[in-house]
Structures are given as structure tokens and as C-alpha cells.
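Welcome! Please take a moment to look over the sequence and the 3D structure before you try the exercises.

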Amino acid sequence: MDLDALGACLTTSACVVTQATSGLIVGMLLFLVAAGVTLIFGVLKIVNFAHGTFYMLGGYVAYSALAATDSYTLAVLAGALSMALFGVLFERALISRVYGSNVLMQLLICYAVVLIFDDLVKIVWGPEFHAMGMPLAFQVPPLFIAGGVVPPFYAVLIGIAALIAIVLGLGLSMTRLGKTVRAAAINPQMVSALGVNTTLLFAIVFAVGGGLAGLAGALAAPVRSLSPGMGFSILIESFIVTVIGGMGSIAGALVSALLIGMVRGFGTIAFPKFTDGLIYIVMIAVLLVRPQGLFGRRS
Amino acid sequence: MKGRPALRDATIAAIALIVVLAIPLFHRSPAFEDFVIRLSAMALFATSLNLLVGNAGMVSFGHGMFYGLGAYAFALTMQMTNLSLPVAAVLAVLITTFAALCVGAICVRLTTDYFAFITLAVQMLFYSIIISWQSLTGGDQGLRGGIPRREIFGFELASQLHLYQFCAIVAVLGLLALRHISASPFGQTLRMIRDNESRTSFLGVVLWRARLAAFTIAGAFAGLGGVLAALFVSGAYPELADWPNSGQAIFAVMLGGINSFLGPVLGAAILLALNDVVTRFTEYYGLVLGSVILAFALGLRHGVLDFLRLAWPQGRRPKVSPEAGDEA
Amino acid sequence: MSGLMTRRTMLAGGGASLLAAPWVARAEANTLRIGMQSILSGPIALLGTSSRNALMMEQDRINAAGGFLGRPIEFVFRDSKGQPQEAARIARELVNSTGCELLIDAEASSASFAVQEVVRDLGSIACIQTNSETSSLTADPKIGAPTAFRVARQGVHDAVAGSIYLAEYANAKKLNKWATCSPDYAYGRDTTAQYLQFFKQFKPDVEVVTDAWPKLGQPDFTEVITKLIQAKPQALFTLLYAGDLSAFVNQGNVYALFAQMTVATPNVDYPVLAAIKNLPAGIQSATRYLETFPNTPANKEWGQAYLKKWNDRPTNWSWQNSLAMQFYEQAIKQANSLDAKALAAALTGMKVNTPFGADGTITMRDDHTTIGYAIGWGQTTPKEPFIVDVKTADWGKIIELETEWKKQQKYI
């Protein structure tokens, strides 16, 4: 515990700005990664425990695509689209059979997929870690904005994450498609009786949710390592973001991701050795005081 | 009619115990004995979890923390004090029970999904503490140096045969106790709560108290399982208290049958046997296990014992409701 | 009548052996099975796979020379996934059911300690620990076991050697302000503490301005990196390794971290060097395995052979496992037996000729751990041989300080 260091930091504007900025970066990346889980739960009431696998596969596909085409844009698209497709297959072949079942059944199926793909990835790409490396276009020095250091690569990522937050949030609440999708989650028979193809609808939701996870994996690949089993820590952190923010609330996920980012940004100074414990305490506190999450709705 | 089911359960337990204890007299197989030792620990762990999941409808994602706590409490007591093994074991279970009471007190008021999340969060916090408190727990390296004074009532637990016998006896007695609890009016109450909590509360049952009692009991027996696990590895390691281990218990319950008392035991046996056999032939164990789980989830759609009961129903007892709240 | 009996008996026997099959494994009569367990999956699978690669090479070499005691050797590999309960189970299974007569334990962290307990309980099998770098495995009398030996480098040896080199380097370049960034688990904490302890002995005016403790496997190091940069150290010491080191380098590059401070790290294995794109030059690094250090033909030959066979460079774990087999080979010849106690007696104090020794030899001390292996520090370059200007460590000094440290820890 190093509260003196925290005090020193909080009284220095450079420190506050820098750590807050890195907290922002960490938070937005967390949101980008967690958005897929929140969407799928918010709409389908299914916890996609295989979310980490989508993220991992998105990263690996992007890695191979970059090696093949030398274009980072194509690599990211490949990662996102392949996972959108995988999402549809996953939903049609497996998830659709356990709608309405015990949450444990869903957990079981997702876990089976995680196990299978961790091994498949090991077979295809090998057990050692891979690094994609920063694409040439982004190998530039960091920018200085308002006293804070903002690397251009992260600036782009933050932009994309913010865009996704807006599109998803507004899309679900304001567009006709969004409203239909939410209605179908509450009462699929009624919506289907009204002539909407709910099967297609649910497949689309999984495509988007899976695609988001794959996109996040592909976007983060230049700065992170790829290894089989990497999905697990991603799942846990997405889970924490979603629970604190409120299952199914895009705004909630955004706020809680930023909150966690800030806790980490300043927690690393005050509690360098127990930062993750801090996050769990926050999660427990939220669950005790407001179990539906910061922005969640009591069901 | 009253004493009969209890007598029947005790008889089955006695027969099972005699069979298990007799096997080494005919054929010694170290791998089989290791299997039974590990199964004993896991059976207690998974069955105690099912007291919550199957009986009370309380899905706990963090049950592993009590398993791990039992192991650490026991191993630490043995290493740091001069208490004898039975005293240390009882103390470990008591510590775990108390911890379950405290954790339960803050958790049980939450409804299903949130209960699952908060138990997971508490477990992750607990795991974090184990890793950080290196001076006490050894951190990620675990408690090293082995467990001393491994004797109890003439059993020399460093010997595999004695450990096998000891674990079999403890497991059977523990399962019998859990069975008794599950079949008792208290167990019935839990199942009533699971099926229709408002109706049960109108009958005068204080819901949170029943749930807290179930959580505490489940924690206690998980702790007992942890003691056996500590004896097997002769120490205590953080992996025993980690989320994947909680997951193992959940899968054992699901694979064996959530609505059958012996379901978790069977599920644990399947998982362990699968692990032992498959790892001899391939290092791609995940591929095999994942495929098996999919086969169960999509094909059988129920745990094995549940599937068998549905396929061949016994008309012994009149069912109260079509959801079959009773257990065979 | 008798024919029916025989057939029934045969069927019963066949049925019984089918049932028993999962738990009984048969060995070819003459083959000498050696059990090897490690982490073959997950983020640090490299540890297990590079160990296994080296052992396969040793298997070929030893069998070509006639095997052990005239018997061909065969490895039985198992993946414990780093789980200590699984590691304990596997160790027992290898010895009790699979008929292994020797053990190589290539586990790390908690799993290696779990296996050590099994070896101590069984008492009848020799085991060489090849990858666990924690001193207490052999130094702590409560943990050491009579038939267990260790050939892995020790954290405390590296700490002494590294501190001497870094203190010299820091004095030369006037780097007084240091920061540390190590993974938050026992290895990271203990080894960093050891480095700092010895570093302060050689350079008393060193000032640690900040320390960071990311979690092992943490995907995002951003807040840690900005914290480090802000503290304005002149140099950074980090124990991150493998995928974490790669992610840290990539994320650090984004913040131009390496332009702002010198970086020192002991953990740069070949495959890591090759995998990290945009590796900054001038990182002060220890040699985990380097083909050019020791600069002998034997070492180069071994490194080249490994590269040719596996299309990948060897790691620290690779040479350690090779060394284990060299020890077994000599001990078995000397004791003319596979008996654990006889082998233990032979191994204690044994010196082997090996390309990995600083002077061409490595000795197994009385406390069951090795000394004299090649430790060097130099600086990285993006091209072969990846680490240049390598300075050899002073083993006399290493042993002197190790003894002091053991007294402090009350091991002796």
C-alpha cells in the first residue's frame, strides 16, 4: 500500500492528467472488448461465456491475415467478419438449442466451445505465443494533448470504441430494428406472431456480438500477445465490466469500463500489488448496494 | 414408513464402503487408488455444491473458495502447530463453516444471477488474497514442505493404501450425512424454495435463513473435501480455490445429474476418469472433454442419472408435481 | 467341459483386463521408460515444448550410443497444465502405473513443489527438476528430498550475477534512478527483491523511484507504463517474460518508453527475441541460452542441431533438460544401476562435461543443485546472435553471496 505516492500524484497535475488518460485508454479498450457480451446479454439474456474465444480467434485470424496481405485494415476486417460468421454458426448450431434452459446449460455449452477452440488454436498456430507487431502506419511517436500523452494508435482505438458505443446505444433504443430486437428478447412468440423472423433476428444479434468481440481482438492484436487460452482473462474482465455496469446496458458498460480504467490508473499507484483485488471489491460493493449494476434495470 | 429411507441409505452406504475397501484386497492398482482418493475429495465438493444448485436453486460460481479454504486451513494447522490430524481436520472444517456463514450472510439475499456473480467475485477476491499473502500461504507456489504427522487412529496416511481407506470412509460418511440433510424436512424446504419461493414464504419459512443454512452446510462439506485434497497433494495450492475448480464442480453436477443425489458423484467420476484416460493418449485433452460435454448437453440434455431416471422411471413414490421435486 | 471352462476363463480374463486397461499400461520388456511432465498448454506452453524438444534430441543421442545400461530409453510425456493436483497425480501415475524408472520434472512454480512431495513420499525413484528456479526447492531442508536434484539455474545465482553486471553498467553510465516492473507472483517478487538486495550491495547509491507489479498474463499494461514513465527513472528492471514481455515491449513502444530509459531484463529467451517485432536495441539482458556463449564449438553445434531439428531456437529450458540427461547418463554409468539411492549417491557432487558449463563443466553440489553453468550479461540487437558484448559472471562471487543469502533465510 502506497498512499503517500497516491497523494503525491493527486497533487501533481501532470500525474493526474497522465494517469487519467491512461485510465481512459484502459477503460475504452475494456469497453471495446466487453461490448459484445453486454449486447448479447441485453438482447438475448444469454451470457456468452465463449466471448473470450471470439476475441482470441479474431486476433489470430487478423494475425494470419496481416501476414498474408500486409494490410492491417484487411486484417481487422477479416477478424471482425470471420467472428460475425462464427457467431451465427455458434448461435444456430448450439445456443439455439438451449434458449430458456438453465443458465448452467448455456455455461456448459460455451465452456465446451472454449475448450475445443483453445486446442484447435494450439494445433493450427502452435502452442507458443505470437506477436502481430505494430503496423507501419502507426509506428509514430505519441501525441501530447492537454499535458497527457496519447499514442495515435490508442486515439484511433478510442475513436472506434466511442463510435461503437454510440451506434449500439442509439441503435438499440432508437431504431426500429433495435426496438424489434429488444421486444423479441422479452416475448419472442408475440414478436414472431407479428410476422417478424425471430430466428433471423437472434442470429443477427449473435453475429454483431461475435463480430464485436472479433473486432476487439483484431484491433488489440498489435499491442498484445496471442496465445491459446488467452480468452480466459478477457472473459473475466468483460464479465466484471458488464456486471458492474448492468447486464444489457451499453451506457452502463461504458461507464463501468471507464470506472475500472480509472481505478486501475490510480490504483496502480496506491496499491501496486493488489490492484485486481481492488476491482473485485468494487464489484462486490456494487452487487451489494445495487445488484442490477449501475445502469441495469431490475428484472 | 419413517425410518425406512434412512435405513436404506445407510445400508447402501455400508455396502458401497465394503466394496470399495475390499477391492485392494484382491487387486492393487495404484492408479485406481489415486482415482478413488481424488474422487472422494471431489465427490464431497460436487455433492455439497448440489445442495445449493440442485436442491435450493442457488447457483454459486464461487464454491471453490471453501474447498480451497479447507485445504489451506488444514495444511497450515498441520504445518504451524502440533495438533494431531483429526483435530486439525475438524478445525479446518470449522473455519470453513464460519467463513461460509460470513460469506453467505452477505450473499444469500441476492437473487439467482446476482448471487452467482457475487459468489464468483468473492472467490476471486479470496484467490487474490491467497496469492498476495505470500508470507502465510506461499503465494502461487502453495504451501510447500508437505504435511507432517499424517497419522489418524492407526492409519498411516503417507501410505497409499491407508490414505485410500481413510478417504473412502470419510467420503462415504460425508455423503451419507449430506444425503440425510437432503432427505430431511430441511432439504424438502430447500426444494420447495427452489420450486416456488413465494408459496414457501407464505407457509412461514424465512427464506434467507434457510438459504444461509444451506450455504453454510455446503461450505462446510466443501471444506471437508478440501482436507482430503490437501492430503492427496500433501500441501495446499491456490489452484484448489480458483474459478476453474468451481467450474469443475459445476460440470460434475451437470454431467452426473442435477436432480439425483448421486449425480454429482457420478459426474465427478466421469470427469476424473476421462482426464486420466485421455491424457495417456493425447495432449489435446480440451478437444476431447469439450466434445464430450457437447454430447451431453446437446444429446442427453440431462445429466446421466437424470437421463436414466427419465428413460426408465420407477413408480415407487407418487410424485407431488410433474417437475419431480423429490429425489430417487 | 474343460474346453468350456478354458474359454470362459479366457473371456473373463479378457474382460477383466479390458476393464483394468485404463489403469494399467504395459511396457516393452526391455525399454527404459523415463517419465517427463510439464506445462504443454496455455500461455507458457513454450516452457514444456522446448523442454520436450531437447529431451527428444537426447533420446536419439543416447539410444544411438546404446541407451542406459544397454536398454533403449523412451520418454513418456504428460501435460499437467500447470495444475499441482494434476502434477502430483501424473507423477504417481508415471511411477506406479506406467512403469517409469526415472523422472524428469519439467514443471514450474507450484506444480514442481507438488511433484517434489510425491518424490519424497515414494522415496524409491530418482527425479531431476529441470525448470524450477526457486532456491527453496533444494536450499530449504524442509522441502528438499533425498532422491530429488535440480539442474535449473537458480534465481539467486542470476540475481548475484545480474546485480554485479548492472551495478558496473549503472556506475559507468551514471544510472542511479531505477524502477522495477515484475509480475506479481512469488517468482517476480522474490527474485526482484533478491536483485535489489545485491544491487544495493554493489551500488549503494541506487534509488528505486517506483515499482510496478502487473499481474501475470495481464493483457493491458498501459497504466503501469505511464506510471513508470512519470516517475522518470533512468533505468528499468523487469522480470516480465514470454508473452507478457512481448506485450509490454509493444505497448511500451507506443509510449516510446525505451527511448526514455535503459531497460534491463534477464528473461530474453531466443523465441521471445524472435517473436517480438520491433525489439528495441540496447536492452541489457542475461543470456538464457545463446549459441555464441560460451563461445565453443560444442555449444554452437548443439544450438545448430536443435535449430535444424525443430526449426526453432532453443530456450533456457531446453539446455537444462539436456543437462539433466547428461547427469543421468554419467550417474547411471557410475552407479551401474537405476536404484534411486545409488543414483543419488552418484549424483551428489558429480561434475559433468557439458557445452553449457562456463568452463565446459557443471557440478552438482551436495545440496542437490548445480553450479558453474554459463551465465552472461550483454545487450540486445535485433539481429543474430541477438545478444552481444557478453560478459561472463564470476562464479566465486556468486557462491559467496549465495551462502550469505542462505544464512539470512535461515536455510543453513
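The exercises below walk through this predicted model, each with a worked solution.

**Exercise 1. Find out how far the model can be trusted, overall and along chain C.**

Step 1: Begin with the scores for the model as a whole, which are ipTM 0.90 and pTM 0.90.

Step 2: Turn to chain C, where the mean pLDDT is 89 and 93% of the residues reach 70 or more.

Step 3: Look for the weak stretch. Residues 1-24 of chain C have a pLDDT below 50, and this stretch makes nine contacts in the model beyond near neighbours in sequence.

**Exercise 2. Describe how chain C is built, and work out whether its radius of gyration fits a globular protein.**

Step 1: Count the secondary structure: chain C holds 15 helices and 15 strands.

Step 2: Compare the radius with the rule. For 412 residues the globule rule gives 22 Å, and chain C has 23 Å, which is close, so chain C is as compact as a globular protein of that length.

Step 3: Add the box. Along the principal axes, the C-alpha atoms of chain C fill roughly 95 × 45 × 40 Å.

Step 4: Check the packing. Of the 412 residues in chain C, 59% are buried. Among its contacts with a separation of 6 or more, 68% are between residues 24 or more positions apart.

**Exercise 3. Split chain C into its domains and describe where they meet.**

Step 1: Read off the bounds. Domain 1 of chain C covers 26-150 + 295-373, while domain 2 covers 156-287 + 375-406.

Step 2: Place the two parts in space: over C-alpha atoms, the centres of domain 1 and domain 2 of chain C are 28 Å apart.

Step 3: Look at the contact between them, to which domain 1 of chain C brings 16 residues and domain 2 of chain C brings 14 residues.

Step 4: Sort the domain 1 side by class. The side of domain 1 of chain C that touches domain 2 has eight nonpolar, six polar and two charged residues.

**Exercise 4. Do the same for chain A as a whole.**

Step 1: Count the elements: chain A has 12 helices and four strands.

Step 2: Test the radius. A compact globule of 299 residues would have a radius of gyration near 19 Å, and the 20 Å of chain A agrees with that.

Step 3: Give the span, which for the C-alpha trace of chain A is about 60 × 50 × 35 Å along its principal axes.

Step 4: Finish with burial and contacts. Buried residues are 58% of the 299 in chain A. Of the contacts in chain A between residues at least 6 apart in sequence, 77% join residues at least 24 apart.

**Exercise 5. Compare the surfaces through which chain A meets its partners.**

Step 1: Start with chain C. Here 39 residues of chain A are in contact with 36 residues of chain C.

Step 2: Find the elements involved. On chain A, those supplying at least two residues each include α2 (13-44), α6 (152-174) and α11 (250-270). The most comes from α2(A), with eight residues.

Step 3: Sort this side of chain A by class: 21 nonpolar, 12 polar and six charged residues.

Step 4: Move to chain B, of which 27 residues are in contact with 25 residues of chain A. The largest share of the chain B side is the 10 residues from α5(B).

Step 5: Sort the chain B side that touches chain A, where there are 21 nonpolar, six polar and no charged residues.

**Exercise 6. Locate the largest nonpolar core and one of its well-connected residues.**

Step 1: Size it up: the largest nonpolar core has 351 residues, and A:F31, A:L32, A:A62 and C:L103 have the most contacts inside it.

Step 2: See what feeds it. The element giving the most to this core is α2(A), with 18 residues. Each of the two domains of chain C also provides at least three residues.

Step 3: Zoom in on A:L32. Setting aside residues up to four places away in sequence, A:L32 touches A:L157, A:A161, A:I164, A:A216 and A:L219.

**Exercise 7. Decide whether B:A100 is buried or exposed, and list its contacts.**

Step 1: Place B:A100 in helix α4 of chain B, residues 85-107.

Step 2: Count neighbours. B:A100 has 27 C-beta neighbours inside 10 Å, so B:A100 counts as buried.

Step 3: List the partners. Apart from neighbours within four places in sequence, B:A100 is in contact with B:F66, B:F215, B:T216, B:G219 and B:A220.

Methods
Residues are numbered from 1 along each chain as its sequence is written. Chains are lettered from A and ligands numbered from 1 in the order in which they are written. This is a predicted model: local features need pLDDT of at least 70, side-chain atom pairs count only at pLDDT 80 or more; totals for chains, interfaces and linings use all residues. Domain bounds come from an automatic or database domain assignment. Two residues are in contact if their C-beta atoms, placed from the backbone, lie within 7 Å. Ala, Val, Leu, Ile, Met, Phe, Trp, Tyr, Cys and Pro count as nonpolar, Asp, Glu, Lys and Arg as charged, and the others, Gly among them, as polar. The radius of gyration is taken over C-alpha atoms; the globule rule is 2.2 Å times the number of residues to the power 0.38. A residue is buried if 20 or more other C-beta atoms lie within 10 Å of its own, exposed if 12 or fewer, and partly exposed in between; C-beta atoms are placed from the backbone. pLDDT is the predictor's confidence in each residue, from 0 to 100. A nonpolar core is a set of buried Ala, Val, Leu, Ile, Met, Phe, Trp, Tyr and Cys residues joined through C-beta atoms within 7 Å.
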